[in-house]
Amino acid sequence: MANHTRIAGTAAPLPLNNLDTDQIIPKQFLLGIDKAGLARGVLYDLRTNADGSPNTTFVLNQPAYRDARILIAGTNFGCGSSREHAVWSLQQAGIEAVIAPSFGEIFYFNALNNRLLLIVLDHHIVRTLTERVSDPAQSALTIDVERQCVVTAGGAEFGFDLPPRQKRMFVEGLDMIGMTLRERDMIAAFEARHDADNPWMKIDLPKQQRAA
């Protein structure tokens, strides 16, 4: 994964409160055993009419917002079930960040651990951003992750908090496995101390298993 200190692009307004993970990615799109093909199910019931045709009134179906990289969402975005597919599907659809007053707790950490940036801002600021980006001419936003601020096309800046661990993962291009492997020397040192202090617990694997 590449380093990533900024997200810049179109922001789409999606001011719906309590948009849950079942709406983000409906259950009929969770039939595979991997992450492939989830983008086609993102917000499916909002994007499509009952007959399967595109809902042209939905913001992400409108030409100005089809390539949106940022969502300005409502309160409690990502509540509901714990399905991690909700995060993966948004990423596959090109969404790199979501700004909202609050998020479902499990979704929040699923997102940050997969490097989907979630930004919590006061609901008055979110409302201001929603109104601004509802005008396609003002829909461009820049998120500076290192400085931890959202910058509008007009130059207004809004700071946000980000847990240090998740900030490091995002900026350095690490997922949870990559983050853990950064500490491989510390892990190896702990294993050596543990084996020395507790030799009866050490499992001496056959040579072929160690090689694997």
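Biologist: Which residue caps the N-terminal end of α5?

Modeller: Bear in mind that this is a predicted model. In it, a side-chain oxygen lies 2.8 Å from the backbone nitrogen of histidine 124. The residue that brings this oxygen, and so caps the N-terminal end of α5, is aspartate 122.

Biologist: Where do the buried residues of α5 sit around the axis?

Modeller: Val126, Leu129, Thr130 and Val133 are the buried residues of α5. They cover an arc of only 105° around the axis, so they end up on the same side of α5.

Biologist: What do the buried residues of α5 pack against?

Modeller: Helix α5 takes up residues 123-133 and runs at about 125° to β2. The helix lies across several strands, including β1 (6-14) and β5 (140-144). Its buried residues pack against β1, β2, β3, β5, β6 and β7.

Biologist: Okay, on to the sheet. Which strands stand at the edges?

Modeller: There are 7 strands in this open sheet, with mixed pairing, and the order reads β4-β3-β2-β1-β5-β6-β7. Two of them have a single partner strand each, so one side of each is left without a neighbour in the sheet. Those edge strands are β4 (117-120) and β7 (157-159).

Biologist: And how many degrees does the twist average from one strand to the next?

Modeller: Follow the open sheet through its order, β4-β3-β2-β1-β5-β6-β7. From one strand to the next, the twist averages 25°.

Biologist: In which sense do β1 and β5 pair?

Modeller: Start with β1 and β2, which run parallel and are joined by 4 bridges; there, alanine 11 stands opposite isoleucine 70. With β5, glycine 9 has leucine 141 as its bridge partner. Over 5 bridges, the sense in which β1 and β5 pair is antiparallel.

Biologist: Which residue in β4 stands opposite isoleucine 99?

Modeller: Strand β3 covers residues 97-100, and 4 bridges join it to β4, the two running parallel. Isoleucine 99 is also among the residues with the most contacts inside the largest nonpolar core. Opposite isoleucine 99 in β4 stands isoleucine 119.

Biologist: How many residues does that largest nonpolar core have?

Modeller: In soluble globular proteins, nonpolar side chains tend to be buried together. Here, Phe77, Ile99, Phe107 and Ile143 have the most contacts inside the largest core. Leaving out neighbours within four places in sequence, phenylalanine 77 is in contact with residues including Leu14, Ile24, Val98 and Phe107. The core's residue count is 52.

Biologist: Is isoleucine 24 buried or exposed?

Modeller: Isoleucine 24 lies in helix α1. Among the residues it touches, beyond four places away in sequence, are Leu43, Phe77, Leu90 and Phe107. The cut-off for buried is under 20% relative accessible area. Isoleucine 24 has 0% relative accessibility, so it counts as buried.

Biologist: What is the relative accessible area of threonine 152?

Modeller: Threonine 152 has its place in strand β6. Not counting residues up to four places away in sequence, threonine 152 touches Leu129, Arg132, Ala140, Leu141 and Phe158. Threonine 152 is buried, and its relative accessible area is 5%.

Biologist: Last one: which residue just after α4 takes a positive phi?

Modeller: Helix α4 spans residues 105-113, with Phe107, Tyr108, Asn110, Ala111 and Leu112 buried. What covers these buried residues includes α1 (21-24), α3 (85-92), β4 and α6 (164-172). Just after α4, the residue with a positive phi of about 70° is arginine 115.

Key. Residues numbered from 1 in each chain as written. Predicted model: local features only at pLDDT ≥ 70, side-chain atom pairs only at ≥ 80, totals over all residues. Heavy atoms only, no water. Core = buried A, V, L, I, M, F, W, Y, C linked by side-chain atoms within 4.5 Å. Buried < 20%, exposed > 50% of the residue type's maximum accessible area, 1.4 Å probe, protein only. Contact = heavy atoms within 4.5 Å. Pairing = 2+ DSSP bridges. Axes fitted to C-alpha atoms, helices over the stretch in contact; angles between N-to-C directions. Arc of directions from axis to C-beta. Polar contact = N/O pair within 3.5 Å; in protein donor to acceptor, adjacent residues only side chain to side chain.
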